[in-house]
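Student: Could you take me through the cysteines in this model, and the setting they sit in? I would like one connected answer.

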Amino acid sequence: MPRYNELKRIAREAFEEAAELYKDQRVNSERSLQVAVWSALNRLLAERKTFRLFVEPRLVLPGKGRWPQAVRVPDIVVCNRDRAIAVIELKFKPRGRPASKGDLDKFAALAHPRCKDLLVTHERWRGDKEPKHFPLGRDAVFIWMAIGASTGDGHAPREDIAHRYLRLVYSTTTHSIED
């Protein structure tokens, strides 16, 4: 897996490309932001042929004790040949402040020990070989990207995932990327 800093650098570069597309009026919704980020990541990771990107994979968090079974659908998941190494959430609110609390709760849920056996799977694959399963890496990076008018400080991630969290926001007010 690329080290945290390398993966964060690649994510930042992909987001910078998406922000440029927004400035050129080519990103006009969260879905088009998702396409722009996916496309940039796909290009930036292409030289490393072992990487796969999943768009909106359905992740079923196991129930355990007081925790009920739950489904989470992140915007993008980055996998290397062995495991999922990054979970990306996107927000698009160019005239307001994008909310991060729900996404940070999702990151915290995915980082919880009950998810140690969670798999990212290409469940719609219908080919001649079995689909590959990718466990969520215990060291996966959680990335929150947003385009918004007011960015503020946002909510802070839980302490146990703060070292592997990256927040990137393009401010439509200052026309710059804030982290």
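Tutor: Start with burial. In this predicted model, 45% of the 179 residues of the protein count as buried. The cysteines Cys79 and Cys115 belong with the buried residues. Cys79 has a relative accessible area of 0%. For Cys115 the value is 2%. Both values fall under the 20% cut-off, so both residues count as buried.

Now look for bonds. A disulfide is a covalent bond between the sulfur atoms of two cysteines. The structure holds zero disulfides. Cys79 is in none, and its nearest cysteine sulfur, that of Cys115, is 15 Å away. Cys115 is in none either, and its nearest cysteine sulfur is that of Cys79. A disulfide needs the two sulfur atoms within 2.5 Å, so a pair 15 Å apart does not count.

Next, the setting. The protein has three helices and nine strands. From the N terminus, the order is α-α-β-β-β-β-β-α-β-β-β-β. The radius of gyration is 16 Å, close to the 16 Å that the globule rule gives for 179 residues, so the protein is as compact as a globular protein of that length. Its C-alpha atoms fill a box of roughly 45 × 40 × 30 Å along the principal axes.

Contacts come next. Take those between residues at least 6 apart in sequence: 63% of them join residues at least 24 apart.

Finish with the outside. The protein exposes about 9900 Å², and carbon and sulfur atoms supply 47% of that area. There are 33 positive and 24 negative charges, and their mean positions are 4 Å apart.

Terms used: Residues are numbered from 1 along each chain as its sequence is written. This is a predicted model: local features need pLDDT of at least 70, side-chain atom pairs count only at pLDDT 80 or more; totals for chains, interfaces and linings use all residues. Side-chain values use heavy atoms; hydrogens and water are left out. Helices (H or I, at least four residues) and strands (E, at least two) are DSSP runs, numbered from the N terminus. The radius of gyration is taken over C-alpha atoms; the globule rule is 2.2 Å times the number of residues to the power 0.38. Buried means under 20% relative accessible area, exposed over 50%, partly exposed in between (1.4 Å probe, protein chains only). Contact means heavy atoms within 4.5 Å. Accessible areas come from the Shrake-Rupley method with a 1.4 Å probe; for residues, only the protein chains shown count as cover. Lys and Arg count as positive and Asp and Glu as negative; His and the chain ends are not counted. The place of a charge is taken as NZ of Lys, CZ of Arg, CG of Asp or CD of Glu.
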